[in-house]
Amino acid sequence: MIKLLEVKDLVQSFNLTSDFLDKLKLKNGRVTIESRVVNAVNGISFYINRGEVFSLVGESGCGKSTTARTIIKILEPKGGKILYKDRDITRLGPKEMLPLRKEIQMIFQDPYASLNPRQKVKDIIMEPMLFHRVAANKDEAYNKSIEILKKVGLRPEQANRYPHQFSGGQRQRIGIARALAVEPELIIADEPVSALDVSIQAQILNLLMDLKDEYGFSYLFIAHDLSVVRHISDRLGVMYLGCIVEKGSKEQIFSNPLHPYTRILLSSVPTIDEESITDSLELKGEIPSPIDLPSGCYFHKRCPFAKEICKKVVPQLKEIEDGHEAACHILLGEEGDRDNEKKGYTR
Ligand code: SF4
């Protein structure tokens, strides 16, 4: 297997108090300087092999979309490394990123907001083709755009219409066509079906998988719903509050979920598969604020299995079986807990 993308200890945060005066606070009669920082992504690592679908799943606000935007360099990473085809692209500027923008494409959650309402569909698809010189001239770009429209299930005569003349599912097909137009190698699909009706979701997922089989590209697939990624993923990472708490192959995650958070997410997925783990566990409370991260295990305030150590010692990811890692004190055992404490993994 050849790695196409590798993310190592990626960190992303946003300072809410960039103005110096905003940082000044009065505490116990004294003026102190305080910054409010949103810790959106807290040191995550994963890789995607060529031709593979890797999914990041977790509740809204867990940092998965921020991860996607950081990888594609819409946001500059605050720490860690991004390797694409073994090349370190972490600090590349906009000019150096330009050729890579052709190779790494993004499909957005809201197809309407991501399409220019003043452009006809054919122009939406032709524009990136001409910019990245995938087509030598307008005629070639037009012919290619018609072919791509047919591939995504739209009719050639629809090329002259505007985005508002399409349904939500059709607009997502246009978004997919625009990504395909530049012959990408990696597609980052950020919640591509969550804004669509359930009946349309399956059609779009099937389309994405058919296109992958035909063109051989890889996906980083972002979703909050495990049932959406169940059939399309090769491997998954489960995110909680900016961290990956479990990762492994689709079979490992769905047949043998290890982390309590994964087990709770899975228990809320309706299934008729007898082999699936369906503990009746419920997720308590709201996801904590990324401005004020909890101590120890970030999940301890909501976890039905939390122990004393969970409040102060950070569980590290540990490989429990080949390629299957999880970060939980229950899995580490007492020896692992002591080891983590000794290494100073406290917060
Ligand atoms: Fe729950 Fe503790 Fe495991 Fe965190 S480390 S998931 S709080 S048992």
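Analyst: A strand, in the sense used here, is a DSSP run of E that spans at least two residues, numbered from the N terminus. By that rule, aspartate 9 of this predicted model has its place in strand β1, which covers residues 3–15.

User: What makes the phi of aspartate 9 worth a remark?

Analyst: The phi of aspartate 9 is positive, at about 50°, although this residue is not a glycine.

User: Why does aspartate 9 count as buried, partly exposed or exposed?

Analyst: The relative accessibility of aspartate 9 is 49%, and since buried means under 20% and exposed over 50%, with partly exposed in between, aspartate 9 counts as partly exposed.

User: Where does glutamate 191 lie, and how do you know whether it is buried or exposed?

Analyst: Glutamate 191 lies in the loop between β9 (186–190) and α7, and its relative accessible area is 8%. Buried means under 20%, and therefore glutamate 191 is buried. Glutamate 191 also has a positive phi of about 50° without being a glycine.

User: Why is α4 called roughly parallel or roughly antiparallel to α6?

Analyst: Helix α4 (residues 121–131) packs against helix α6 (residues 168–180) at an angle of about 25°, and the two axes are 8 Å apart. Angles under 35 degrees count as roughly parallel, so α4 is roughly parallel to α6. The handedness of this crossing is right-handed.

User: Which residues of α4 and α6 meet, and how do the residues of this contact divide into nonpolar, polar and charged?

Analyst: From α4, Val121, Ile124, Ile125 and Pro128 meet Ile174, Ala177 and Arg178 of α6. Of the residues in this contact, six are nonpolar, none is polar and one is charged; arginine belongs to the charged class, and Arg178 is among the residues that α6 contributes.

User: Which residues touch the most other members of the largest nonpolar core?

Analyst: That core holds 65 residues, and Ile176, Phe221 and Leu226 touch the most other members. Helix α7 (residues 198–215) supplies the largest share, six residues. Apart from this core lies another of 29 residues, among them Phe54, Cys62, Ile71 and Leu92. Nonpolar side chains tend to be buried together in soluble globular proteins.

User: Which residues is phenylalanine 221 in contact with, leaving aside neighbours within four places in sequence?

Analyst: The partners of phenylalanine 221 on that basis include Val53, Phe54, Leu56, Ala189, Leu205, Leu208 and Ile232.

User: What makes helix α2 mostly covered?

Analyst: Six of the eight residues of helix α2 (residues 64–71) are buried, namely Lys64, Thr66, Thr67, Ala68, Thr70 and Ile71. Following α2 comes lysine 73, with a positive phi near 65°.

User: How do you know whether histidine 259 and proline 260 are buried or exposed?

Analyst: Histidine 259, in the loop between α9 (250–255) and α10, has a relative accessible area of 2%, and proline 260, in helix α10 (residues 260–267), has a relative accessible area of 2% as well. Buried means under 20%, so histidine 259 is buried and proline 260 is buried. Leaving aside neighbours within four places in sequence, histidine 259 touches Val245, Glu246, Phe299, Ala327 and Cys328, while proline 260 is in contact with Phe299, Cys303, Phe305 and Cys328.

How values were computed
Residues numbered from 1 in each chain as written. Predicted model: local features only at pLDDT ≥ 70, side-chain atom pairs only at ≥ 80, totals over all residues. Heavy atoms only, no water. Axes fitted to C-alpha atoms, helices over the stretch in contact; angles between N-to-C directions. Helix = DSSP H or I, 4+ residues; strand = E, 2+ residues; numbered from the N terminus. Parallel < 35°, antiparallel > 145°, perpendicular 65-115°, else oblique. Left-handed = near helix turned anticlockwise from the far one by under 90°. Contact = heavy atoms within 4.5 Å. Core = buried A, V, L, I, M, F, W, Y, C linked by side-chain atoms within 4.5 Å. Buried < 20%, exposed > 50% of the residue type's maximum accessible area, 1.4 Å probe, protein only.
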